[in-house]
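Here's a walk through the fold, piece by piece. Keep the structure open and follow along.

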Amino acid sequence: MLPTESKKALSFKRCIEDGDLVIVYERHDVMKPVRVSKDGVLQNRFGVYKHSDWIGKPLGTKVFSNKGKFVYLLAPTPELWTLVLSHRTQILYIADISFVVMYLELVPGCVVLESGTGSGSLSTSLARAVAPTGHVYSFDFHEQRADSAREDFEKTGISSLVTVEVRDIQGEGFPEKLSGLADAVFLDLPQPWLAVPSAAKMLKQDGVVCSFSPCIEQVQRTCEVLRSEFIEIRTFEVLLRTYEVKEVKVDDGQRQDEDIGDVRPCKRKHRSNEDNTVSHDNSSVAPAATTSVVMARPCSEARGHTGYLTFARLQCLS
């Protein structure tokens with residue numbers, strides 16, 4: 001996934017090898033991570049897939065089962081990994097993650113401190129942003145979660161870019177050994193204002209801190225503490241609205257129902273000459289011509305509020 005090894009540089013043209021992690025894509029909402037093994041087999045509702053048929057094929061390949069059904073084999077990019085990872089805690093999704101990476105001004109070579117690690121969704125994107133020469137130091141007070149995160153980083157090949165430690169940042173602060181080394185600090189804590197003084201000590205001059213909080217009361221208390229040593233304090237709420245795009249076939253002269261893809265046949269009215277009554281007939285004299293129409297509508301599963309992102313820059317000392 002990341003250019004940490006010269007032989008496996010970040011390239012979607014690289015061929016799959018024995019032991020690689022791939023994302024098996026069935027449809028946009030059904031994906032799973034699979035470790036490729038020459039003797040391995042994947043079974044799903046589409047049939048049986050032999051891993052041996054995958055080895056040597058480039059990432060992005062369409063592979064077929066014994067029933068003739070297919071899935072795609074995709075690279076475990078941070079975007080896809082966020083959608084398939086195990087949820088040990090509530091995670092950040094792509095809209096918030098992309099906003100964080102941009103406003104923390106992350107580039108290759110940066111050093112980032114993160115608390116807490118959680119499920120590692122953000123950690124993976126931070127690692128890609130600072131690769132190949134930067135580093136992410138991630139802290140979580142829960143030892144089992146930290147161990148699980150390390151295992152995930154090994155799977156995705158970013159363990160050389162992320163160091164996970166068990167530490168209560170709210171109570172102890174960040175380690176003194178990192179003082180003045182961080183370009184950015186990210187806080188995802190129940191009481192982030194308690195960690196703000198320690199974050200200020202960790203940052204380089206002009207460094208940026210970001211705090212993620214689901215409640216506005218947390219934001220207010222954090223901003224009060226930030227004012228003592230930080231400037232440019234800003235809070236954002238990122239709301240993403242996605243659209244579902246489908247191509248549907250519509251009979252000429254017929255009206256399409258509001259629901260995408262739900263096209264109902266029109267009933268033809270016939271008036272009887274004898275009793276002046278109206279009858280309905282679903283039959284047609286000749287088959288109507290059809291045309292393809294591309295329709296778009298907001299997805300019904302769109303996520304609402306996730307949290308507030310508060311950014312602040314360390315005030316430079318004159």
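## Strand 7 and its surroundings

Val112 sits across from Val136 in strand 8. That pair belongs to a longer match: strand 7 (residues 111-115) and strand 8 (residues 135-140) run parallel to each other over 5 bridges. A quick word on terms: helices (H or I, at least four residues) and strands (E, at least two) are DSSP runs, numbered from the N terminus, and two strands pair if DSSP finds at least two bridges between them.

Before going further, note that this is a predicted model, where local features need pLDDT of at least 70, side-chain atom pairs count only at pLDDT 80 or more, and totals for chains, interfaces and linings use all residues. Residues are numbered from 1 along each chain as its sequence is written, and side-chain values use heavy atoms, with hydrogens and water left out.

How many residues of strand 7 are buried? The count is 5 of the 5, so strand 7 is largely enclosed by the rest of the structure. (Buried means under 20% relative accessible area, exposed over 50%, and partly exposed in between, with a 1.4 Å probe and protein chains only.) In a regular strand the side chains alternate between the two faces of the sheet. Here Val111, Leu113 and Ser115 are buried on one side, and Val112 and Glu114 are buried on the other.

## The seven-stranded sheet

Strand 7 is part of an open sheet of 7 strands in the order 9-8-7-10-11-17-12, with mixed pairing. The edges are strand 9 (162-166) and strand 12, each with a single partner strand, so one side of each has no neighbour in the sheet. From one strand to the next, the twist averages 15 degrees. (Axes are lines fitted to C-alpha atoms, for helices over the stretch in contact, and angles run from 0 to 180 degrees between N-to-C directions.)

Strand 8 also runs parallel to strand 9, joined by 5 bridges, and Asp140 has Val166 in strand 9 as its bridge partner. Helix 4 (residues 143-155) packs on the sheet, touching strand 8 and strand 9, and its direction makes about 165 degrees with that of strand 9. Contact here means heavy atoms within 4.5 Å.

## Helix 7

Helix 7 lies across strand 11, strand 12 and strand 17, at about 5 degrees to strand 17. Which residues of helix 7 (residues 216-226) are buried? They are Gln218, Val219, Thr222, Cys223 and Leu226. Seen down the helix axis, these buried residues fall within an arc of 130 degrees, so they line one face of helix 7; the arc is that of the directions from the helix axis to the C-beta atoms. They pack against helix 6 (196-202), strand 11 (203-213), strand 12 (230-236) and strand 17 (308-314). Glu217 and Glu224, on the other side of helix 7, are exposed.

## The smaller sheet

Another open sheet has 4 strands in the order 2-1-6-5, with antiparallel pairing. Strand 2 (30-35) and strand 5 (62-64) are at its edges, each with a single partner strand, so one side of each is left free of a neighbour in the sheet. Neighbouring strands are turned by 35 degrees against each other on average, direction ignored. Strand 5 is joined to strand 6 (residues 70-74) by 3 bridges, and Lys62 stands opposite Tyr72.
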